[in-house]
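Please look over the sequence and the model shown below before reading on. The paragraphs after it are meant to be read with the coordinates open.

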Amino acid sequence: QVQLVESGGGLVQPGGSLRLSCAASGSIFTIYSMGWYRQAPGKQRELVALLSSNGNTNYEDSVKGRFTISRDNVKSTVYMQMNSLKPEDTAVYYCNADLVGPGKIRRDYWGQGTQVTVSS
């Protein structure tokens, strides 16, 4: 089995910062990418930031310059530092990993989601 365990969400005032963490554990052979998606009420889930195994990053336009994704390969953990948070960043944030797991099958795995609320 593979598990993605997220932490770090919460309530923050506009302009504040949060750091999300997502630790992958279990029978993992290769991680191709890890990243964060978010889903606000009434909206579709969208990619926020992605970090590939070769170090390439991809950010959603509205978070460029404010969010930074990084990874600790030893701990199989991905982080996302979120600065200058805005009310429109409010959403449930989901960790995603594209990896080879049990049975040597490559597929996407998802965390349970963590709520980020930006409000005064």
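What follows goes from a sheet to the core, then to a disulfide and two loop residues.

The model is a predicted one, and a convenient place to enter it is the open sheet of four strands, whose order is 1-3-8-7 and whose pairing is antiparallel. Strand 1 (2-7) and strand 7 take the edge positions, where each has a single partner strand, so one side of each is left without a neighbour in the sheet. From one strand to the next, the twist averages 15°.

Within this sheet, strand 8 (77-82) can be followed through its pairings with strand 3 and strand 7. Strand 3, which covers residues 18-26, runs antiparallel to strand 8 and is joined to it by six bridges; along this pairing Leu-18 has Met-82 as its bridge partner, and Leu-20 stands opposite Met-80. Strand 7, made of residues 67-72, likewise pairs with strand 8 in the antiparallel sense over six bridges, and here it is Ile-69 that stands opposite Met-80. Met-80 thus faces Leu-20 in the one pairing and Ile-69 in the other. In general, strands of a sheet pair through backbone hydrogen bonds, either parallel or antiparallel.

How much of strand 8 is covered? Five of its six residues are buried, which leaves the strand mostly covered. Two of its methionines, Met-80 and Met-82, are listed with Met-34, Trp-36 and Tyr-93 as the residues that have the most contacts inside the largest nonpolar core, a set of 30 residues. The elements that give two or more residues to this core are strand 1, strand 3, strand 4 (30-39), strand 5 (46-52), strand 7, strand 8, strand 9 and strand 11 (114-118), and the largest share, five residues, comes from strand 9. As a general tendency, nonpolar side chains in soluble globular proteins are buried together.

The model has one disulfide, which joins Cys-22 to Cys-95 with an S to S distance of 2.0 Å. The angle about the S-S bond is -80°, and the link is left-handed. Cys-22 lies in strand 3 and Cys-95 in strand 9, 73 residues apart, and the pair thereby links distant parts of the chain. Are these two cysteines buried or exposed? Cys-22 counts as buried because its relative accessibility is 0%, and Cys-95, with a relative accessible area of 0%, is buried as well.

Cys-22 also leads to the loop between strand 7 and strand 8, where Ser-76 is found. The hairpin of these two strands has four residues between them, and in it Ser-76 takes a positive phi near 50°. Ser-76 has a relative accessible area of 18% and is therefore buried, since the limit for that class is under 20%. Leaving aside neighbours within four places in sequence, Ser-76 is in contact with Cys-22, Ala-23, Ala-24, Ile-31 and Met-34; of these, Cys-22 belongs to the disulfide and Met-34 to the core residues with the most contacts.

A second loop, between strand 8 and strand 9 (91-100), holds Asp-89. Because its relative accessibility is 1%, Asp-89 counts as buried. Not counting residues up to four places away in sequence, Asp-89 touches Arg-38, Val-63, Arg-66, Phe-67, Ser-84, Val-116 and Val-118.

Methods. Residues numbered from 1 in each chain as written. Predicted model: local features only at pLDDT ≥ 70, side-chain atom pairs only at ≥ 80, totals over all residues. Heavy atoms only, no water. Buried < 20%, exposed > 50% of the residue type's maximum accessible area, 1.4 Å probe, protein only. Contact = heavy atoms within 4.5 Å. Pairing = 2+ DSSP bridges. Axes fitted to C-alpha atoms, helices over the stretch in contact; angles between N-to-C directions. Core = buried A, V, L, I, M, F, W, Y, C linked by side-chain atoms within 4.5 Å. Disulfide = S-S within 2.5 Å.
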